[in-house]
Structure formats: structure tokens, C-alpha cells
Amino acid sequence: LFNCFIFFFSSRRRHTRCSGVSWARRCVQETGIDNRMRRKFRGNKPLVAIGYGTNKKARHVIPNGFRKFLITNLHDLELLLTNNRTFCGEIAHNISARKRAQIIKRAAELNVRLTNAGGRVKFDEKKAENK
């Protein structure tokens with residue numbers, strides 16, 4: 001764990017340790033004289049290259065053809081009113097069931113698609129029916 005904090009001060013991303021940490025400068029080609037990645041040793045990550053880029057039209061597009069927009073309150077839903085053909089909403093994970101029900105109802109009125117509309121609300125409805 002201590003070794004992870006040492007590399008925060010280096011100017012380049014270290015590939016040998018702490019590879020799970022997201023770094024600001026992660027797309028920098030390794031240039032060290034004995035670098036395993038640069039020398040393309042077996043079992044190492046591939047070097048960054050222009051060929052790994054994604055088509056700009058398809059970037060951040062999910063399988064239903066929309067791009068995701070995180071919704072944390074009802075005001076965020078109003079922002080999707082003009083872009084409801086390119087963006088779909090995704091309700092944040094920390095939103096309560098009562099707020100989710102309000103957001104889902106308002107999204108239906110505004111004709112905004114939600115990716116996780118049936119998340120916690122259906123579970124709570126079944127719970128209420130059993131009581």
C-alpha cells in the first residue's frame with residue numbers, strides 16, 4: 001500500500017504497480033531504456049497507440065443507441081427535455097425509492113428514456129402488496 005503513494009508524485013503512470021488506480025496522464029507512451037511494456041515482453045499491457053481509438057460517432061453510445069446522462073434530482077431530468085433523442089437518463093445509485101418514483105413518473109411525462117427505471121421501485125411495490 002505504501003508503494004502506491006510514492007508514484008503519485010512521478011510524472012508518468014507506472015505500469016508495474018498500482019495498475020488499478022486511474023491516473024491523469026495514463027495515455028503516455030513508456031520510454032524507459034529497460035521498460036517491459038516498450039520492449040513488448042509477453043504478459044505485459046500493450047502500448048498506447050492511435051489505432052486503439054474509438055469512432056467519435058460511436059463513442060459513449062450504449063447498445064440502445066443513446067448516450068447516458070446521470071440523474072440525481074428532478075432538475076437534471078428537465079435538462080434532457082431537449083436532448084431526449086440522443087441522451088437517456090440513468091438514475092444515480094444513491095437515490096431513494098420515493099425520489100425514484102417521482103423521477104420515473106416525470107420522465108414518462110417528458111418522454112425521456114431511463115436505463116434503470118425498474119430498479120428499486122418494483123421491489124418496493126411488491127413489498128407493499130405482501131403487507
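Reader: In this predicted model, which residue of S2 stands opposite Lys68?

Author: The model is predicted, and local features need a pLDDT (the predictor's confidence in each residue, from 0 to 100) of at least 70, side-chain atom pairs count only at pLDDT 80 or more, and totals for chains, interfaces and linings use all residues. Residues are numbered from 1 along each chain as its sequence is written, and side-chain values use heavy atoms, with hydrogens and water left out. S1 and S2, which pair (at least two bridges found by DSSP between two strands), do so in the parallel sense over five bridges. In S2, the residue opposite Lys68 is Cys88.

Reader: What is the order of the elements from the N terminus on?

Author: Helices (DSSP runs of H or I, at least four residues) and strands (runs of E, at least two) are numbered from the N terminus. By this assignment, the chain holds four helices and two strands. From the N terminus on, the elements run α-β-α-β-α-α.

Reader: Is the β-α-β unit of S1, H2 and S2 right-handed or left-handed?

Author: A crossover is right-handed if, with the strands pointing away from the viewer, the path from the first strand over the helix to the second runs clockwise. S1 and S2 are parallel partners, with Ile71 bridged to Ile91 in S2. The unit that S1, H2 and S2 make is right-handed.

Reader: How far apart are the closest N and O atoms of Glu90 and Lys68?

Author: With a salt bridge taken as a side-chain nitrogen of Lys or Arg within 4 Å of a carboxyl oxygen of Asp or Glu, the count comes to three. Glu90 and Lys68 form one of these salt bridges, with their closest N and O atoms separated by 3.5 Å. This pair links distant parts of the chain, since Glu90 belongs to strand S2 (residues 87–91) and Lys68 to strand S1 (residues 67–71), 22 residues apart. The distance asked for, between the closest N and O atoms of Glu90 and Lys68, is 3.5 Å.

Reader: Which residues are joined into one network by salt bridges that share partners?

Author: Arg106 meets Glu78 in a salt bridge at 3.0 Å, N to O, a pair that links distant parts of the chain, with Arg106 in helix H3 (residues 97–110) and Glu78 in helix H2, 28 residues apart. Arg106 also meets Glu109 in a salt bridge, at 2.9 Å from N to O, and these two residues, being three residues apart in helix H3, are separated by about one helical turn. The network that results from shared partners joins Glu78, Arg106 and Glu109.

Reader: Which side chain of opposite charge is nearest to the buried Asp76?

Author: Asp76 is found in helix H2 (residues 74–79), and, leaving aside its neighbours within four places in sequence, its contacts (heavy atoms within 4.5 Å) are with Phe69, Leu70 and Ile71. Asp76 is buried (under 20% relative accessible area, with exposed meaning over 50% and partly exposed in between, for a 1.4 Å probe and protein chains only), yet it has no salt bridge. Where Lys and Arg count as positive and Asp and Glu as negative, with His and the chain ends not counted, the nearest side chain of opposite charge, 9.9 Å away, is Lys99.

Reader: How far apart in space are Thr82 and Val112, C-alpha to C-alpha?

Author: Thr82 lies in the loop between H2 and S2, where it counts as exposed at 69% relative accessibility. Thr82 and Val112 are 30 residues apart in sequence, and their C-alpha to C-alpha distance is 9.6 Å.

Reader: Over which residues is the pLDDT below 50?

Author: The chain averages a pLDDT of 81, and 73% of the residues score at least 70. One stretch has a pLDDT below 50, and beyond near neighbours in sequence it has eight contacts in the model. Where pLDDT is low, the predicted coordinates should not be read in detail. The stretch in question is residues 1–9.
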